[in-house]
Amino acid sequence: MTKPARYDRIAFVASPSSEAAAAFHQLTAQYGNCDPSEADVVVALGGDGLMLQTLHRHMRSGKPIYGMHRGTVGFLMNEYSTHDLRARLAAAHESEINPLLMRATDVNDRVHLHHAINEVYLFRQTSQAARLRILIDERERMPELIADGIIVATPAGSTAYNLSAQGPILPINAALLALTPISAFRPRRWRGALLPNTAYVVIEVLEDDKRPVAAVADHEEVRRVRRVEILSDKSIAMRMLFDPGHSLEERILREQFGS
């Protein structure tokens with residue numbers, strides 16, 4: 001039987017909100033606060049925005065991240081409690097996620113590389129709809145999509161922007177990506193596609209001079225892109241911790257049934 005992990009050295013990080021700051025002072029007084037580089041686990045106090053920032057900051061560290069909800073949106077967070085935190089951490093279930101890698105080439109042929117935990121999306125920069133060409137694994141799948149934009153979402157990000165654009169919710173362990181149009185005009189009835197997470201997605205911007213398009217990887221934006229390449233970066237594995245019964249898998253299931 002595998003012994004539970006020990007999390008003696010905890011690094012706390014908090015969002016700027018007063019609620020998160022109060023939690024930070026209470027927990028660090030009770031459990032101490034280790035430098036993240038020497039910690040066994042990083043505990044993030046805030047909402048989903050802080051969790052994404054923390055995952056990005058520690059993306060290559062291999063350290064598990066455990067969030068407690070002290071913010072606005074807390075889909076990726078556990079319930080807040082100061083009681084017996086180390087025992088909670090030891091009992092937590094681990095979900096491993098891979099980020100997306102976006103390679104965006106702008107109209108000046110500059111290349112921009114960014115990772116995304118939730119999604120990469122393209123969106124029109126002006127009042128005119130974007131005209132996009134979609135290739136999957138170097139094969140053209142849609143010669144022209146006229147829409148406000150398009151999203152490529154991971155399972156972890158499928159309940160974020162992807163869901164608000166009527167995209168599907170993906171189980172966290174599904175080897176899939178969601179390709180979801182944003183306000184598609186043509187083809188009118190196209191609702192998107194499910195792709196294997198091994199897919200190499202290329203989106204080309206048609207009429208980039210007349211209909212400029214921006215590309216965004218989580219919070220990193222590149223303006224006036226010409227071509228965007230997206231794939232799941234299997235060289236990076238991030239570890240997220242969730243309380244038993246409140247795993248990301250369970251949260252995604254509850255979201256699909258409206259509970």
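Author: Buried means under 20% relative accessible area, exposed means over 50%, and partly exposed lies in between. Keep that handy as we look at this predicted model.

Reader: Why is arginine 133 called partly exposed?

Author: Its relative accessibility is 22%. Partly exposed covers the range between under 20% and over 50%, so arginine 133 counts as partly exposed.

Reader: What makes arginine 133 and glutamate 204 a salt bridge?

Author: The cut-off is 4 Å between a side-chain nitrogen of Lys or Arg and a carboxyl oxygen of Asp or Glu. Here the closest N and O atoms are 2.7 Å apart, so the pair qualifies. The two partners come from distant parts of the chain: arginine 133 sits in strand E8 and glutamate 204 in strand E13, 71 residues apart. Through shared partners, salt bridges join both of them with Arg103, Glu140, Arg227 and Glu229 into one network.

Reader: How do you know that aspartate 106 is buried?

Author: Happily, that one is quick. Aspartate 106 has 3% relative accessibility, and buried means under 20%, so aspartate 106 is buried. Aspartate 106 forms a salt bridge with arginine 110, with 3.2 Å between the closest N and O atoms. Arginine 110, at 49%, counts as partly exposed, because exposed requires over 50%.

Reader: What makes glutamate 19 and arginine 70 a salt bridge?

Author: Their closest N and O atoms are 3.4 Å apart, and the limit is 4 Å, so the pair counts. Glutamate 19 belongs to helix H1, while arginine 70 lies in the loop between strand E3 and helix H3.

Terms used:
Residues numbered from 1 in each chain as written. Predicted model: local features only at pLDDT ≥ 70, side-chain atom pairs only at ≥ 80, totals over all residues. Heavy atoms only, no water. Helix = DSSP H or I, 4+ residues; strand = E, 2+ residues; numbered from the N terminus. Buried < 20%, exposed > 50% of the residue type's maximum accessible area, 1.4 Å probe, protein only.
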